[in-house]
Amino acid sequence: KSKLIITINSGSTPQVPVFQIDENTTKILFGLEKVNAELATKDLGSSSLCTFWLSTRSRFDGVSARDYLQANPNKNALEKVLFLARREGEMGY
């Protein structure tokens with residue numbers, strides 16, 4: 001309900017896509033809540049949010065934002081992902 005975790009409505013029970021969990025630690029992906037909070041200001045739908053996280057990007061050496069943060073759980077990597085999140089939905093991004 002806080003929009004910090006992406007949910008997909010499927011009947012009466014919202015479903016949480018598992019890509020938001022770090023498979024190495026089984027905890028919420030490093031930086032996920034901060035990035036999702038930024039994306040929440042854009043009024044994007046769940047499918048657009050999932051696309052943001054799962055699409056490969058040359059900025060991240062050809063991996064998705066999700067995989068980039070999982071491989072680089074540090075402030076510098078988070079700032080790179082937040083940079084794109086702040087521009088999501090703008091022309092050219």
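How many helices and strands are there in the protein chain? The count comes to 4 helices and 4 strands, where helices (H or I, at least four residues) and strands (E, at least two) are DSSP runs, numbered from the N terminus. This is a predicted model, so to speak of a local feature takes a pLDDT of at least 70, side-chain atom pairs count only at pLDDT 80 or more, and totals for chains, interfaces and linings use all residues. Residues are numbered from 1 along each chain as its sequence is written, and side-chain values use heavy atoms, with hydrogens and water left out.

Read from the N terminus on, the elements follow the order β-β-α-α-β-β-α-α. As for overall size, the C-alpha trace spans about 40 × 35 × 20 Å along its principal axes. The radius of gyration of the chain is 13 Å, which agrees with the value near 12 Å for a compact globule with 93 residues; this radius is taken over C-alpha atoms, and the globule rule is 2.2 Å times the number of residues to the power 0.38.

Of the 93 residues, 32% are buried, and buried here means under 20% relative accessible area, with exposed being over 50% and partly exposed in between (1.4 Å probe, protein chains only). Contacts (heavy atoms within 4.5 Å) often reach across the sequence: among those with a separation of 6 or more, 52% join residues 24 or more positions apart.

Helix α2 gives a good look at the inside. Across residues 46-54, its buried residues are Leu49, Cys50, Phe52 and Trp53. They sit on the same side of α2, because they cover an arc of only 155 degrees around the axis, the arc being that of the directions from the helix axis to the C-beta atoms. And what covers them? The cover includes the strands β1 (8-10), β3 (56-57) and β4 (63-64), along with the helices α1 (32-40), α3 (65-71) and α4 (75-87).

One of these covering strands, β4, is also the place of Ser64. Is Ser64 buried or exposed? Ser64 is buried, its relative accessible area being 3%. Leaving aside neighbours within four places in sequence, Ser64 is in contact with Trp53, Leu54, Ser55 and Thr56. Trp53 thus turns up again here, having been listed with the buried residues of α2. Asn24, by comparison, lies 40 residues from Ser64 in sequence and 17 Å away in space, C-alpha to C-alpha.
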